[in-house]
Amino acid sequence: MSARLGLGRSRAFEVARRSFSLPDLTTLDPVAKVTDPVETHFVTTYYDTADLRLAARHSSVRRTQAGWLLRTRGDDGAVVELEAPAHASDGAVPAEVVEAVVGAVRDRRLEPVASVRTARVERRLLDIDGRELARLADDVVDGQRFTTGCIELSHWRQLTVELSGGATDLLELVVASLDLLEELPTGDATLHRALGGAARPVIDLRGDARDGSAAGVLRERLRTEVGALVDHDRAVRTGRPDAVVEMRNAAVRLRCDLATWKPFLDDTRTEPIRRELRWLAAALGRVRDAEVVGARLLATLEGLPADMVVGPVRARVEHELAERATSASH
């Protein structure tokens with residue numbers, strides 16, 4: 001499974017007017033040319049739990065003819081994508097994809113929740129030297145939603161602007177020239193549109209009272225900590241830097257909260273959770289220790305004179321550290 005981390009530099013808009021046409025984007029600096037349109041057709045099937053836990057956390061698992069793609073958004077605004085090859089068997093979600101989202105879906109099964117057929121007309125924005133600055137995808141989409149016990153059909157047109165080499169201010173200039181089109185929700189706009197709107201936030205606790213009582217304060221505090229723990233779990237599994245220490249801190253905070261509020265809680269339910277959080281913090285501590293030791297060893301190697309480093313020392317150290325990290329992660 002491969003991963004890449006990139007800035008989320010795209011905006012999507014619904015095109016409601018049939019008379020809409022693209023303005024002359026070559027008037028925008030530094031756009032010098034808009035390429036001729038290229039049309040493609042493809043089908044995408046989205047997988048989620050029945051209660052849309054991934055969509056509620058701005059994540060999606062999709063399958064196309066090319067393979068599987070997990071897309072999620074970090075708390076720093078970055079978009080993380082993990083790819084896995086298509087399997088020719090029964091179409092089940094690959095184990096490596098399930099493993100990456102298990103913190104969010106837990107014991108729920110991933111199943112098809114929507115499918116879209118897209119007719120795309122794509123144009124590229126180039127600068128005067130022919131370098132690509134951005135892409136515009138003009139999509140006519142037929143969607144099918146499966147989450148209500150029957151198939152619900154939808155049809156829409158959307159325009160997506162995605163920076164590929166240009167500066168962020170170019171994105172704002174292009175958006176400003178689109179004549180007040182209605183912007184689709186951030187995240188996976190196509191999935192949200194097929195589902196009839198963005199999924200509701202995940203509620204991990206019973207009730208949703210937001211008041212100043214002890215119960216209200218405690219409920220909101222625990223909801224926040226549980227959400228942070230799940231988000232950091234996803235970051236750990238997708239390899240985001242510093243995610244291990246952040247997840248460990250979240251586990252420790254939640255365990256401390258359960259201890260602090262112990263007089264107001266049911267011990268028979270919270271004590272097993274505290275024991276699990278203690279185990280989780282210890283397991284993450286071993287992973288973190290491996291990271292810290294590795295960083296220090298490599299920094300020490302970098303500081304040694306070249307004549308004191310004989311043979312493939314760095315490669316051997318990195319191999320040993322990788323094995324330790326893998327052992328600590330399981």
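Visitor: Which residue in β10 stands opposite serine 10?

Guide: Glutamate 162 is the residue in β10 that stands opposite serine 10. Keep in mind as we go that this is a predicted model. The pair belongs to a wider match: strand β2 (residues 10-14) and strand β10 (residues 152-163) run antiparallel and are joined by five bridges.

Visitor: Which strand is joined to β10 by twelve bridges?

Guide: That is strand β9 (residues 132-145), which runs antiparallel to β10. To find your place, look for alanine 134, which has leucine 163 of β10 opposite it.

Visitor: And how many residues lie between β9 and β10 in their hairpin?

Guide: Six residues lie between the two strands of that hairpin. Check the backbone in the turn as well: glycine 149 has a positive phi of about 90° there.

Visitor: Let me try β5. Which strands does β5 pair with?

Guide: Strand β5 (residues 60-64) is joined to strand β4 (residues 38-48) by three bridges, and these two run antiparallel. β5 also pairs with strand β6 (residues 67-73), again in the antiparallel sense, over five bridges. A good residue to follow is valine 61: tyrosine 47 stands opposite valine 61, and in β6 the bridge partner of valine 61 is leucine 70.

Visitor: How many residues does the hairpin from β5 to β6 pass through?

Guide: Two residues make that connection.

Visitor: Now the helices, please. How should I read a list of buried residues in one?

Guide: Start with the general idea: an α-helix has 3.6 residues a turn, so residues three or four places apart point the same way. Then take helix α2 (residues 95-105), where the buried residues are Val97, Ala100, Val101, Gly103, Ala104 and Val105. Try marking them on the model and following them along the helix.

Visitor: What phi does arginine 106 take, just after α2?

Guide: Arginine 106 takes a positive phi of about 55°.

Visitor: One more, then. Is leucine 301 buried or exposed?

Guide: Leucine 301 is buried, because its relative accessible area is 16% and the cut-off for buried is under 20%. You will find leucine 301 in helix α7 (residues 267-303).

Visitor: Which residues does leucine 301 touch, leaving out those up to four places away in sequence?

Guide: Leucine 301 touches Val309, Val313, Arg314 and Val317. For one of these, valine 313, we can add a backbone distance: the C-alpha atoms of leucine 301 and valine 313 are separated by 8.5 Å, and the two residues are twelve residues apart along the chain.

Key: Residues are numbered from 1 along each chain as its sequence is written. This is a predicted model: local features need pLDDT of at least 70, side-chain atom pairs count only at pLDDT 80 or more; totals for chains, interfaces and linings use all residues. Side-chain values use heavy atoms; hydrogens and water are left out. Buried means under 20% relative accessible area, exposed over 50%, partly exposed in between (1.4 Å probe, protein chains only). Helices (H or I, at least four residues) and strands (E, at least two) are DSSP runs, numbered from the N terminus. Two strands pair if DSSP finds at least two bridges between them. Contact means heavy atoms within 4.5 Å.
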